[in-house]
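Trainee: Got a minute? I'd like to go through this one with you.
Mentor: Sure, put it up on the screen.

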Amino acid sequence: MSDLDVTTPPVTRTQIVRFAGAAGDFNPMHHDEPFAQAAGQDSVFAMGQLTAAILGDAVAAWLGRDRLAGYGVRFKAKVLPGDDLVLTGAPVDGEPGRYELQAAKADGGEVVLTGWATTRA
Amino acid sequence: MSADAAASGPAAGLVVDSVSFPIEEGKLREFAIASGADPDAVLAAGVLPPTFAAVAGHWRDQAAMVEACGLDIRRVVVGGSEWEYGAPAWIGDRLTGDRVVTDVQTKPSGMRLLTLTTTLRREPGGEIAVTQRDTVIELPA
C-alpha cells in the first residue's frame with residue numbers, strides 16, 4: 001500500500017458552520033467573527049474536531065473503513081478559513097498495523113495535528 | 001460543583017455526564033459532508049466515520065462538564081482525542097454511555113491534564129461500539 005498523501009480543498013467558514021451543526025459544537029469562537037476578534041483572534045478558526053474528522057475520513061478511505069481499530073489525534077495549531085491541508089500517513093517501522101499521521105498547512109507547512117491509526121490484524 | 005471539587009480539582013472516577021443518542025441517516029450524511037467526505041461512500045460502507053462519536057456533543061453540555069470537573073473554562077483547551085472501535089453500530093442503533101474522568105495529572109507548572117473517557121455501548125445488544133478518550137488541559141493560572 002502506498003502512503004497517504006492528500007491535499008484538501010481550503011477549509012471555509014461555511015464548512016466550519018456546517019460542522020458546528022453536524023457535531024453540535026456552537027462555541028462562538030468558531031462561527032462568530034466579532035466574538036473571535038474581541039477574544040484576540042484574527043478570525044474564526046476550525047474546531048480541532050473538524051480537522052480530526054477531515055483526516056479521519058481520509059485515513060478510513062486509505063486503510064479501509066472496516067479495518068480501522070483505533071484512531072487518535074493531538075491538536076497542535078489552529079486551522080483558519082482558507083487553509084488547505086496536506087494529510088499524510090505512513091506505516092510505523094517495526095509495528096505492523098500501526099500508522100503515523102499528520103495534517104499540515106499546504107502554505108508554509110505548519111503542523112496543525114499529529115495522529116496515529118491502528119488496523120485490525 | 002462541590003466545594004471540594006473547586007478546592008482540590010477533580011478526581012479520577014468522577015462520572016461527568018451521560019449521553020444517549022440515535023444513529024440517524026440524516027445526521028450521518030450531514031457529518032460526512034461537513035468532514036469533506038463523500039456521503040454516498042460513507043453510507044455505502046456501512047461503517048461509522050472514525051470520529052462520529054463527536055456528535056455526542058449535541059447531547060451534552062460542555063460548559064457544565066468544565067464546571068463539574070472544577071476547571072476554569074477560560075483556561076481550558078482540548079489537547080487531543082482518540083477512539084477505539086469495537087462492535088459495529090449503524091443507522092437505527094442507539095449509542096449510550098457515561099463520560100468519566102479516568103486520569104488526572106497536575107504538572108509542576110500548575111497545568112492540569114484530565115482524561116475523559118466515554119464508553120459508548122450499542123443498543124440493542126449492549127456491546128461496546130466505541131470508546132472515546134479526550135485529553136482536556138487546564139493551563140496554569
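Mentor: Start with chain A, where strand β2 (residues 68-75) runs antiparallel to strand β5 (residues 111-119), joined by seven bridges. Keep in mind that this is a predicted model.

Trainee: OK, so which residue in β5(A) is the bridge partner of Y71(A)?
Mentor: That's A117(A). A little further along β2(A), V73(A) has G115(A) as its bridge partner in β5(A).

Trainee: And what does β4 of chain A join up with?
Mentor: Strand β4 (residues 98-105) of chain A is joined to β5(A), again antiparallel, by seven bridges. L101(A) has G115(A) as its bridge partner there. So G115(A) is a handy residue to click on: it is the β5(A) partner of V73(A) and also of L101(A).

Trainee: How many residues lie between β4(A) and β5(A)?
Mentor: Five, and the two strands form a hairpin. Look at G108(A) in that turn, with its positive phi of about 100°.

Trainee: Switching to chain B now. Which strand of chain B does β2(A) pair with?
Mentor: With strand β2 (residues 76-85) of chain B, in the antiparallel sense, over five bridges. G72(A) is partnered with E82(B), and V73(A) stands opposite S81(B).

Trainee: What does the whole sheet look like, then?
Mentor: An open sheet of ten strands with antiparallel pairing. The order is β1(A)-β3(A)-β4(A)-β5(A)-β2(A)-β2(B)-β5(B)-β4(B)-β3(B)-β1(B).

Trainee: Why is one side of β1 in each chain left without a neighbour in the sheet?
Mentor: Because β1 (4-7) of chain A and β1 (15-22) of chain B stand at the edges, and each has a single partner strand.

Trainee: What does the twist average from one strand to the next?
Mentor: 15°.

Trainee: How many bridges join β4 and β5 of chain B?
Mentor: Ten, between strand β4 (residues 112-123) and strand β5 (residues 128-138) of chain B, which run antiparallel. One bridge pair to look up is L114(B) with V136(B).

Trainee: And which strands does α3(A) touch where it packs on the sheet?
Mentor: In chain A, β1, β2, β3 (85-91), β4 and β5, together with β2 of chain B. The direction of α3(A) makes about 40° with that of β5(A).

Trainee: Back to the interface: how many residues of chain A are in contact with chain B?
Mentor: 28, and they are in contact with 24 residues of chain B. On the chain A side, the elements giving two or more residues are α1 (13-23), α3 (48-63) and β2. The largest share, nine residues, comes from α3(A).

Trainee: How do the residues on that side divide by type?
Mentor: Into 13 nonpolar, nine polar and six charged.

Trainee: Does UniProt come into this? What does it list for residues 9-98 of chain A?
Mentor: An unreviewed UniProt entry lists those residues as "domain: MaoC-like". In the model, residues 9-98 of chain A are 37% helix and 18% strand, with the end C-alpha atoms 27 Å apart.

Trainee: Last topic, confidence. What ipTM does the predictor give the complex?
Mentor: 0.95, along with a pTM of 0.93. Chain B averages a pLDDT of 90, and 94% of its residues score at least 70.

Trainee: Where in chain B does pLDDT stay under 50?
Mentor: Over residues 1-7, for which the model has seven contacts beyond four places in sequence.

Notes: Residues numbered from 1 in each chain as written. Chains lettered and ligands numbered in written order. Predicted model: local features only at pLDDT ≥ 70, side-chain atom pairs only at ≥ 80, totals over all residues. Pairing = 2+ DSSP bridges. Helix = DSSP H or I, 4+ residues; strand = E, 2+ residues; numbered from the N terminus. Contact = placed C-beta atoms within 7 Å. Nonpolar A, V, L, I, M, F, W, Y, C, P; charged D, E, K, R; others polar. UniProt positions renumbered as here; feature names shortened; annotations may be inferred. Axes fitted to C-alpha atoms, helices over the stretch in contact; angles between N-to-C directions. pLDDT = per-residue confidence, 0-100.
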